[in-house]
Amino acid sequence: MLRSTDPYLRERLHDLEDLGHRLMRQLLGQDHAPSREQLPDNAIVVARAMGPAALLDYDRKRLRGLILEEGTSNSHVAIVARALGIPAVGEVANAAGAADPGDAVIVDGTSGSIYYRPSAEIEQAYAERVRFRARRQAQYHALRDKATVSRDGQPVELMINAGLVIDLPHIDDTNCAGIGLFRTELQFMVSPQLPRSSEQLQLYRTVLDAAGDKPVTFRTLDIGGDKALPYMETITEENPALGWRAIRLGLDRPGLLRGQIRALLRAGGGRSIKLMFPMVSEVAEFDQAKQFVERELTYLRQHGHSLPERIAIGTMIEVPALLYQLDELLTRVDFVSVGSNDLFQFLFAVDRGNAKVADRFDILSAPALRALRDIAVKTKAVGKTASLCGELASIPIGALALLALGYRSLSLSATAHGPVKAMILDLDIAKVEAVMKPLLDAPAGSLSIRDHLRAFAEQEGLSL
Ligand code: PEP
Ligand code: MG
């Protein structure tokens, strides 16, 4: 049925898979759906491990914190928690054993601290911290209508990452420049069954409507790895991060990818749209995916649909092999967006979700930053844009490093928009570029550049 060219028959297969999946859950007693209704107000969930889809099963209005025994700050569950504004702390040994149901717990996602049954003094201190944060938020909000231009007059495009309808109010709250990464897989992950074409189309239209004149970059499905779909056949792979995922799956299962591209192009009818592909490892994959877009455009034209007025097609750079194909790649793409989460995972051979190794290498070290610099320099040389949408852009010191490397377009989590914008308004970019250049070129003694950036920020009075 999967190989059938008839989309109707293919959809029926997913109905069957969904049914089978639900039946299995019932038989195994694993139905966790009731959590939505049972969750008390101000709940803190403590779990050994959790995937991003499971987090989305909880009622977001009631969920106030998340503690995980496994899970690092770059894992997808952490990214989703950040997007939802839920403080989360991972890598907590024996978390599930340390708290009893009903215990008061403070989860400090900023410092990564947890206080079980806190004393009155600690509660007091945190109440004060919450008030302080609220004042900071008000200060960021006051910057909302200011253009994002550095102290030395360089404009920076600050966009946000999104993936769900609940993210859309952030466009207006932050007054960002647009959505630099729309993770389309999130709709698929939260849905109990494969979203129909009509549902995909509706979501993409809603997103474009909410963004108005601001650009939106939709990334085609990035599933596989730690982003499993509950209704899809599970394939056991020894190394899922290196396995059958993202564009690889899309190219091998063209029905799914082409259906999504069609929905995206239809949603973009009469407007501008930007599309990009995840986990591209070689230029030929980009060519093939781009051909899908062209075929869908022909189909839509033949069937009298209105077409997008402008389409920009780009790719994520998150597989190191692309660093050595930049010349060929850059002649083909309209733009690139660096996925530093995966790029660093593969560059350093460090599983981004494995707490034992995740902090082993400093991402603000020469090898990582040289890779990012090469992308920025080569892209600029051909007059195209390199943006960065990994979590590195969401940390002020990371954003500072990126500006020093030549990036002028960043896409970050909505909660990071205020702090990063405030930093840019106070920053003399030319100065930090001058600090960065000799550090990158210096023979590797101490590889970390973090301390130099910290010292620079302190000297310049930047708040990181
Ligand atoms: C990345 O890899 O940096 C990225 C933005 O994609 P994701 O985090 O969704 O894998
Ligand atoms: Mg990625």
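Reader: How many salt bridges does the count come to in this model?

Author: The model is a predicted one. Side chains of opposite charge can pair when their charged atoms come close. The rule applied here asks for a side-chain nitrogen of Lys or Arg within 4 Å of a carboxyl oxygen of Asp or Glu. By this rule the number of salt bridges is 29.

Reader: Which residues are linked in a network of salt bridges?

Author: One pair of the network is Asp222 and Lys227, whose closest N and O atoms are 3.0 Å apart. Salt bridges link this pair into a network with further residues. The members are Glu185, Arg219, Asp222, Lys227, Arg245, Asp342 and Arg352.

Reader: Are Asp222 and Lys227 buried or exposed?

Author: A residue is buried when its relative accessible area is under 20%. Asp222 has a relative accessibility of 0% and therefore meets that limit. Lys227, at 3%, meets the limit as well. Asp222 is thus buried, and Lys227 is likewise buried.

Reader: In the salt bridge of Asp59 and Arg62, which class of accessibility does Arg62 have?

Author: The side chains of Asp59 and Arg62 meet with an N to O distance of 3.7 Å. Asp59 has a relative accessibility of 17%, so it counts as buried. Arg62 has a relative accessibility of 26%, and its class is therefore partly exposed.

Reader: How many residues apart are Asp103 and Arg117, which link distant parts of the chain?

Author: The side chains of Asp103 and Arg117 form a salt bridge, at 2.4 Å from N to O. Asp103 belongs to the loop between α5 (95-98) and β4 (105-108), while Arg117 belongs to the loop between β5 (113-116) and α6 (120-142). Asp103 is partly exposed at 23% relative accessibility, and Arg117 is partly exposed at 48%. Along the chain, the separation of the pair is 14 residues.

Reader: At what angle do the axes of helices α16 and α19 cross?

Author: Two packed helices are described by the angle between their axes and the distance between the axes. For α16 (residues 396-405) and α19 (residues 450-460), the axes come within 11 Å. Angles of 65 to 115 degrees count as roughly perpendicular, and α16 and α19 are therefore roughly perpendicular to each other. The crossing angle is roughly 95 degrees.

Reader: How many nonpolar, polar and charged residues does the contact of α16 with α19 have?

Author: From α16, the contact involves Ile397, Leu400 and Ala401. From α19, Arg450, Leu453, Arg454 and Phe456 take part. By class, the residues of this contact are 5 nonpolar, no polar and 2 charged.

Reader: Which elements do the buried residues of α16 pack against?

Author: Helix α16 is mostly covered, with 10 of its 10 residues buried. Among them are Pro396, Gly398, Leu402 and Leu405. The packing partners are α15 (366-381), β12 (385-388), β13 (409-412), α17 (414-425), α18 (429-441) and α19.

Reader: Which residue follows α16 with a positive phi?

Author: Helix α16 covers residues 396-405. The residue that comes after this helix has a phi near 110 degrees. That residue is Gly406.

Reader: What distance separates the end C-alpha atoms of helix α11?

Author: Helix α11 (residues 254-267) has 14 residues. At 1.5 Å a residue, the helix should therefore span 20 Å. The separation of its end C-alpha atoms agrees with this expectation, at 20 Å.

Reader: Which elements do the buried residues of α11 pack against?

Author: The buried residues of α11 are Leu257, Gln260, Ile261, Ala263, Leu264, Leu265 and Ala267. These residues pack against both helices and strands. The elements are α9 (197-211), β8 (216-219), α10 (246-252), β9 (272-277), α12 (283-302) and β10 (310-317).

Reader: Which residues does Ala210 touch, not counting residues up to four places away in sequence?

Author: Ala210 lies in helix α9 and is partly exposed, with a relative accessible area of 40%. Its C-alpha atom is 7.9 Å from that of Pro169, 41 residues apart along the chain. Outside the excluded sequence neighbours, the residues touched are Leu168 and Ile171.

Reader: What is the phi of Asn175?

Author: Most residues other than glycine have a negative phi. Asn175, in the loop between α7 (169-174) and β7 (179-183), is not a glycine, yet its phi is positive. The value for Asn175 is about 55 degrees.

Technical notes
Residues are numbered from 1 along each chain as its sequence is written. Chains are lettered from A and ligands numbered from 1 in the order in which they are written. This is a predicted model: local features need pLDDT of at least 70, side-chain atom pairs count only at pLDDT 80 or more; totals for chains, interfaces and linings use all residues. Side-chain values use heavy atoms; hydrogens and water are left out. Axes are lines fitted to C-alpha atoms, for helices over the stretch in contact, and angles run from 0 to 180 degrees between N-to-C directions. Helices (H or I, at least four residues) and strands (E, at least two) are DSSP runs, numbered from the N terminus. Angles under 35 degrees count as roughly parallel, over 145 as roughly antiparallel, 65 to 115 as roughly perpendicular and the rest as oblique. Contact means heavy atoms within 4.5 Å. Ala, Val, Leu, Ile, Met, Phe, Trp, Tyr, Cys and Pro count as nonpolar, Asp, Glu, Lys and Arg as charged, and the others, Gly among them, as polar. Buried means under 20% relative accessible area, exposed over 50%, partly exposed in between (1.4 Å probe, protein chains only). The expected span of a helix is 1.5 Å times one less than its number of residues.
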